[in-house]
Amino acid sequence: MKESIKQLKPYIPEEPVSALQARLGVERVVRLSANENPYGTSPQVREAVLKYVTDHDSSQYPDGNAGSLRTALAKHLNVPESSLVIGVGLDEVITMLSRAFLTAKDSVVISTPTFSEYALNAQLEGAQIKAVPCDAVTGAANPDGMLAAIDDTTRLVWLCNPNNPTGTYCSVSAIREFMRQVPKDVLVLIDEAYIEFVTSTDSASALPLLAEFGNMGLMRTFSKAYGLANYRVGYLVLSPELSNYVQAIRLPYNLNSVSQVAAEAALQDQAFIERVVAANAVERRKWEACLDELKLHYYHSEANFIFVEFPTAEKAQYVADYWLQAGYQVRSGLSPKWLRITIGQADDCKKMQILLKECLV
Ligand SMILES: *Cc1c(COP(=O)(O)O)cnc(C)c1O
């Protein structure tokens, strides 16, 4: 066995909702622990998938280049088709990048807390992880600290924006300032899994910076705002030269045709995204008002979840259990005193807020 994987523990995936309902004896469980889309998926996706499976059997390999989806994405983002690497979710993209760029002699720089896959995949390659804590009060990443952590061994810097689990957003001008100071041989990866949910600015994405900085890559997924988590589609935008290296290690037929068809249909329905983003912003504001009223510390979120601190770890677990008994599952275990709550639909948010008040009296 590889030395680098001896210490690793397998990722514990979400328990299927039906299994959880049976285990708890609860009729309806609303999963608000994985930042999935509580508004579902564009109805156009179901139509496209049904048409595809009606017209085709499954005897032929899929289009290994995901040509039609690639063309649609390139047009949507206004980037060359050769700059796109499309993966089985961003999970696969993160694995491919780590595999392509990291050896046991290298290090990566991350902000903590952040999405666990960056560190996990670095460990797989035997690389060192340099974790720079975020600001404890605001949850904001610390770009100067991250710059200071970069040394001769650093190959990759991961910046999740908005960040999971803090929900905090780093402006494009702050990222530009950061990029100006990063050595050109260090690749900075901006994970924009939640970028659609940002409402504080109309131009939230760091996409325009790709033309300025050849050592920057951008990642997006269909799993969150597009409500396509089940079909597993995510992608990377990177200079065509560097994306060739990543393409070289991609499995030839990684994306099945149903996923390709579903993602393309989802991309075409931007009106669905607008509705989801607007509804999420309304409920996010109500959550913040509720937490202010209860004097609970949280980070200002620009995503579809909110990260809340409780006075003690026991209290956090008590609230999580109280919600779960009522059918609301949130994410604990990311940080002892904290819970990450995916922002649900209005009725569910309201019920959860009433339950929370009951817990705290
Ligand atoms: C959910 C999530 C992903 C993974 O998305 P998939 O495309 O479903 O693999 C990537 N990055 C962050 C920060 C996430 O929260």
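**Exercise 1. Which residues does the UniProt annotation "domain: Aminotransferase class I/classII large" cover?**

Solution. The model is predicted. According to the UniProt record, an unreviewed entry, the annotation covers residues 28-350. Next, take the secondary structure of that stretch: over residues 28-350 the chain is 39% helix and 17% strand. Last, take its ends: their C-alpha atoms lie 16 Å apart.

**Exercise 2. State how the domain assignment divides the chain, and give the separation of the parts.**

Solution. Domain 1 is made of two segments, 3-41 and 271-360. Domain 2 is 43-268. Taken over C-alpha atoms, the centres of domain 1 and domain 2 are separated by 24 Å. With contact taken as heavy atoms within 4.5 Å, 27 residues of domain 1 and 32 residues of domain 2 take part.

**Exercise 3. Describe the interface between domain 1 and domain 2 by area and by polar pairs.**

Solution. Start with the area. The size of an interface is often given as the accessible area lost when the parts come together. Between domain 1 and domain 2 about 2400 Å² is buried, and carbon and sulfur atoms give 61% of this. On the domain 1 side, Thr-41, Tyr-299 and Glu-302 supply 28% of the area buried against domain 2, more than any other three residues.

Then count the pairs. There are 0 salt bridges between domain 1 and domain 2. Residue pairs in polar contact, both at pLDDT 80 or more, number 12.

**Exercise 4. Find which elements of domain 1 supply the side that touches domain 2, and classify the residues of that side.**

Solution. Helix 10 (270-293) and strand 10 (305-309) each supply at least two residues. Helix 10 gives the most, with 7 residues. By class, this side of domain 1 has 14 nonpolar, 10 polar and 3 charged residues.

**Exercise 5. Locate the cis peptide bonds at Pro-162 and Pro-165, and the positive phi at Arg-232.**

Solution. Begin with the usual case: most residues other than glycine have a negative phi, and most peptide bonds are trans.

- The bond from Asn-161 to Pro-162 is cis, with omega near -10°. Pro-162 sits in the loop between strand 5 (154-160) and helix 7 (172-181).
- Asn-164 and Pro-165 are also joined by a cis peptide bond, with omega about 15°. Pro-165 is in the loop between strand 5 and helix 7.
- Arg-232, a residue other than glycine, has a positive phi near 60°. Arg-232 lies in the loop between strand 7 (216-221) and strand 8 (234-237).

Terms used
Residues numbered from 1 in each chain as written. Predicted model: local features only at pLDDT ≥ 70, side-chain atom pairs only at ≥ 80, totals over all residues. Heavy atoms only, no water. Domains from an automatic or database assignment. Buried area = accessible area lost by both parts, 1.4 Å probe. Salt bridge = Lys/Arg side-chain N within 4 Å of Asp/Glu carboxyl O. Polar contact = N/O pair within 3.5 Å; in protein donor to acceptor, adjacent residues only side chain to side chain. Helix = DSSP H or I, 4+ residues; strand = E, 2+ residues; numbered from the N terminus. Nonpolar A, V, L, I, M, F, W, Y, C, P; charged D, E, K, R; others polar. UniProt positions renumbered as here; feature names shortened; annotations may be inferred.
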